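Q: Please take one part of this model under close inspection and then explain how it fits into its surroundings.

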Amino acid sequence: MAGNGAQRETSIRLLFDLEAFEGEESKAPGVQIGFRRDYRTEIAKIAIVGEIKWQGWLPALADLDSYARATWFFFVDEREAAWEWLRT
């Protein structure tokens, strides 16, 4: 409602499925900055599903913790657990 001073509470929850992920080359660094600026206070959770090789460096490299209030990594065989975590 406009004019009542109430803030809209959002709870965006994202799942990144990296099972077939091989790597990425950023060609648009400004997109990341704009995304962070526009959505960082609206994202409640990010679940990352992938192989063990992505567990340590990908979230840090992408700085995902700055996008969401909670970020958690799940292995490929834990995909359903990732969806459940996002729902809670």
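Where does Ser 66 lie?

A: Ser 66 lies in the loop between helix H3 (57-62) and strand S3, where helices (H or I, at least four residues) and strands (E, at least two) are DSSP runs numbered from the N terminus. The model is a predicted one, in which local features need pLDDT of at least 70 and side-chain atom pairs count only at pLDDT 80 or more, while totals for chains, interfaces and linings use all residues. Residues are numbered from 1 along each chain as its sequence is written, and side-chain values use heavy atoms, with hydrogens and water left out.

With a relative accessible area of 27%, Ser 66 is partly exposed; on this scale buried means under 20%, exposed over 50% and partly exposed in between, for a 1.4 Å probe and protein chains only. Its C-alpha is 9.4 Å in space from that of Thr 41, although the two residues are 25 apart in sequence.

The loop of Ser 66 belongs to a protein with four helices and three strands, which follow the pattern β-α-β-α-α-β-α along the sequence. Of its 88 residues, 28% are buried. Counting contacts (heavy atoms within 4.5 Å), residues 24 or more positions apart account for 80% of those with a separation of 6 or more.

Strand S3, at one end of the loop, takes its place in an open sheet of three strands, ordered S1-S2-S3 with parallel pairing; two strands pair if DSSP finds at least two bridges between them. Strand S1 (12-17) and strand S3 (70-75) stand at the edges with a single partner strand each, so one side of each has no neighbour in the sheet. On average, neighbouring strands of this sheet are turned by 15° against each other, direction ignored, with axes taken as lines fitted to C-alpha atoms, for helices over the stretch in contact, and angles in general running from 0 to 180 degrees between N-to-C directions.

The parallel strands S2 and S3 are joined by six bridges, in which Lys 45 has Ala 70 of S3 as its partner and Ile 48 has Phe 73 of S3. Six bridges also join S1 to S2, again running parallel, and there the partner of Leu 14 in S2 is Ile 46. Eight of the eight residues of S2 are buried, so this strand is largely enclosed by the rest of the structure.

The packing can be described through nonpolar cores, each a set of buried Ala, Val, Leu, Ile, Met, Phe, Trp, Tyr and Cys residues joined through side-chain atoms within 4.5 Å. The largest such core has eight residues, including Tyr 67, Ala 68 and Phe 73, together with Ile 43, Ile 46 and Ile 48. Strand S2 (residues 43-50) gives the most to this core, with three residues. Another core, of seven residues, lies apart from it and includes Leu 15, Ala 47, Val 49 and Trp 85.

Aromatic rings add a further view of S3. Rings of Phe, Tyr and Trp (its six-membered ring) pair if their centres lie within 6.5 Å, with planes under 30 degrees apart counted as stacked, over 60 as edge-to-face and the rest as tilted. By this rule there are two aromatic pairs. One joins Phe 73 and Phe 75 edge-to-face, at 5.6 Å centre to centre with 80° between the planes; Phe 73 is buried, at a relative accessible area of 13%, whereas Phe 75, at 29%, is partly exposed. The rings of Phe 74 and Trp 85 have centres 5.9 Å apart and planes at 55°, so this pair is tilted. Since Phe 74 lies in strand S3 and Trp 85 in helix H4, the pair ties together parts 11 residues apart in sequence, and both of these residues are buried.

Helix H4 (residues 79-87) lies across S1, S2 and S3, running at about 175° to S2. The charged end of Lys 45 sits over the ring of Trp 85, 4.6 Å from its centre, a relation that requires NZ of Lys or CZ of Arg within 6 Å of the ring centre and within 35 degrees of the ring normal. Ala 81 has its place in helix H4 and counts as partly exposed, at 40% relative accessibility. From C-alpha to C-alpha, Ala 81 and Ala 47 are 9.7 Å apart in space, and they are 34 residues apart in sequence.
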